[in-house]
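Here's a walk through the fold, one piece at a time. Keep the viewer open and follow along.

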Amino acid sequence: MAVKKLEKRLFGTNGVRGIVGKDMTPDLVLSIGLALGSMRKGRIAVGRDSRTSGESLANAVKAGLMAAGCDVVDCGMLPTPALQYLVMHHFDGGAMITASHNPPEYNGVKIIEPDGTEMGDEQTLLLEERIFSRNFDVKSWEHVGSGTTATQLVNDYTDAIIRSVPENIGRNMSVVVDPGCGAASVTTPKILTGLGCRVFSINAQVDGHFPGRLPEPSLDGLKGLADLVRSTGSAFGVAHDGDADRAVFVDENGRFIEENQEFALVADHICRKHSGVVVTPVSSSLLVETIVKKHGGSVVYTPVGSIYVARTMRDLLEKGEPVVFGGEGNGGLIFPDHQFCRDGGMTATMMVAILAGSDLPLSTLIDQLPVFHMIKEKIRVAHPEHLIELLAESCKTYHIDRTDGLRITKGDAWALVRQSGTEPLVRVMVESAVPDSARKFFQELMDYISPVLKHE
Ligand code: MG
């Protein structure tokens, strides 16, 4: 798939982010609003997650958009996928104030295109160019845009998810939600209740200090969720990141489900009914491809980043390819019948649908998946790009894929070597269904790498 990443100065793969008051300031966000408003006309939706700086930065982006002539509708606090859904159906674009899974001191902006997808690289470069050159189309008094508030619109999103599955599909099922005091506090408990589930919650009060756990839903922060699942006899527990485009799970015993297993379980459920194309980055476990192929489907790989997955899914569908599902091995799953972005609330709903259709508990469904062994390592190196080229040369007799970084397949093992976007290091991951193959291939790569590190 010929999807290539372009170098950006300000925006990363998922918008622009920084520490509030240091590199993420109202000045910068005002510039983003002015630049976006100069590029996009019409009605623009603005939303924010639960961060303490959200209101301030939302007002900055709104000021810029209105000054550039856009009519702004403030949708209040809601998950990123909720704003994306609303933009797709009602608006000419959107701006979401969020730092996703980053700690409380961070905030940022994600730009949403009229079709609900995040802004792609080419448009983002044009936006950056306007910001750096201060090329803004500031309007005179009679053309300044209006500002209104429509916080009830989030109900369109929750209602659409509830309607996407059979009525009362979650009856007789107890579940626990941990939104981490983030944006899903206002949506996922409501969605699961709407599915007929008996819903318990933890960290479901909106609080930008994130007193219960950090916005990243990692294993360490989910003990409270696991305990509540066990004590209530719930079928599963679901936790979101700060802006709820991702969902991770614990089973009925409180055991954390590795995100590639989550992806594979949902892929199994979808491909069992509709075999087709599943789109995922080159970093995803071979477990996903194994499951998809079992049902006669195929996998298309993209660079790492949900935007590449989402846009590839949309482009393939436009070409008539039967794309049924997509996502990343980090709990960010994309359901093309719903919308082309990761959606944590929809993912939680899918888990209810899977368990409602199964006689087996979640732990058993996970244990039935094939087992793969993954080794991950971070290597500090002064010139990551040189190291990657050296590995490409050393491994040239194996199958090499350059979709993103260096993906090498050797027999029943594969490796991905990628440069970090922010630090002088490379990330190495090696995986195989055979533990020994993974270990040996990892050691082989380290043998190529070690002499370089010694000479630094
Ligand atoms: Mg997120």
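## An enclosed strand

All five of the five residues of strand 13 (residues 323-327) are buried, so the rest of the structure largely encloses this strand. Keep in mind that this is a predicted model.

Strand 13 pairs with strand 11 (residues 277-281) in the parallel sense, over three bridges. One pairing to look up there is V278, whose bridge partner in strand 13 is F325. Strand 13 is also joined to strand 14 (residues 333-334), this time antiparallel and through two bridges. In that pairing, G327 stands opposite L333 of strand 14. The hairpin made by strand 13 and strand 14 has five residues between the strands, and G331 takes a positive phi there, near 85 degrees.

## How the chain is divided

The domain assignment splits the protein chain into domain 1 (16-153), domain 2 (156-250), domain 3 (259-343 + 357-367) and domain 4 (373-454). For domain 1 and domain 2, the C-alpha centres lie 27 Å apart. Their contact takes 22 residues from domain 1 and 23 residues from domain 2.

Between domain 1 and domain 2, about 1700 Å² is buried, and carbon and sulfur atoms give 64% of that area. On the domain 1 side, S50, P79 and H101 lose the most area to domain 2, together 29% of what that side buries.

## The six-stranded sheet

Next comes an open sheet of six strands, in the order 1-5-4-2-3-6 and with mixed pairing. Strand 1 (16-19) and strand 6 (147-149) stand at the edges with a single partner strand each, so one side of each has no neighbour in the sheet. On average, neighbouring strands here are turned by 20 degrees against each other, direction ignored.

Strand 6 pairs with strand 3 (residues 71-77) in the parallel sense, over three bridges. Within this pairing, V73 stands opposite T148 in strand 6. Helix 1 (residues 26-39) packs on the sheet, where it touches strand 1, strand 4 (94-97) and strand 5 (106-112), and its direction makes about 0 degrees with that of strand 5.

## The four-stranded sheet

There's also an open sheet of four strands, ordered 8-7-9-10, again with mixed pairing. Here strand 8 and strand 10 stand at the edges, each with a single partner strand, so one side of each is left without a neighbour in the sheet. Neighbouring strands in this sheet are turned by 25 degrees against each other on average, direction ignored.

Strand 7 and strand 9 run parallel and are joined by four bridges. V177 has V238 in strand 9 as its bridge partner. Helix 7 packs on the sheet and touches strand 7, strand 8, strand 9 and strand 10, with a direction at about 165 degrees to that of strand 7. Helix 11 (residues 344-356) packs on the sheet too, touching strand 9 and strand 10, and its direction makes about 170 degrees with that of strand 9.

## The magnesium site

Which residues are the protein donors of the magnesium ion? They are S100 (OG), D241 (OD), D243 (OD) and D245 (OD), lying 2.0 to 2.2 Å from the ion. Along the chain, the donors follow the spacing S-x140-D-x1-D-x1-D. S100 lies in the loop between strand 4 and strand 5, while D243 lies in the loop between strand 9 (236-240) and strand 10 (247-250), so the pair ties together parts that are 143 residues apart in sequence. Both S100 and D243 are buried.

D243 turns up again among the contacts of T80. T80 sits in helix 3 (residues 80-90) and is buried, with a relative accessible area of 0%. Leaving aside neighbours within four places in sequence, T80 is in contact with M96, T98, K110 and D243.

## Two backbone oddities

Two residues are worth a look in a phi/psi plot. C181 has a phi near 65 degrees, a positive value in a residue other than glycine. C181 belongs to the loop between strand 7 (174-178) and helix 6 (188-194), and is buried with a relative accessible area of 0%.

The other is F210, again a residue other than glycine with a positive phi, near 50 degrees. F210 is in the loop between strand 8 (198-201) and helix 7 (223-232). Is F210 buried or exposed? At 5% relative accessibility, F210 counts as buried.

Definitions and conventions:
Residues are numbered from 1 along each chain as its sequence is written. This is a predicted model: local features need pLDDT of at least 70, side-chain atom pairs count only at pLDDT 80 or more; totals for chains, interfaces and linings use all residues. Side-chain values use heavy atoms; hydrogens and water are left out. Two strands pair if DSSP finds at least two bridges between them. Axes are lines fitted to C-alpha atoms, for helices over the stretch in contact, and angles run from 0 to 180 degrees between N-to-C directions. Contact means heavy atoms within 4.5 Å. Donors are N, O and S atoms within 2.8 Å of the metal (3.2 Å for Na, K and Ca); water is not among the atoms, so sites may look incomplete. Buried means under 20% relative accessible area, exposed over 50%, partly exposed in between (1.4 Å probe, protein chains only). Domain bounds come from an automatic or database domain assignment. Buried area is the accessible area (1.4 Å probe) that two parts lose on being put together, summed over both.
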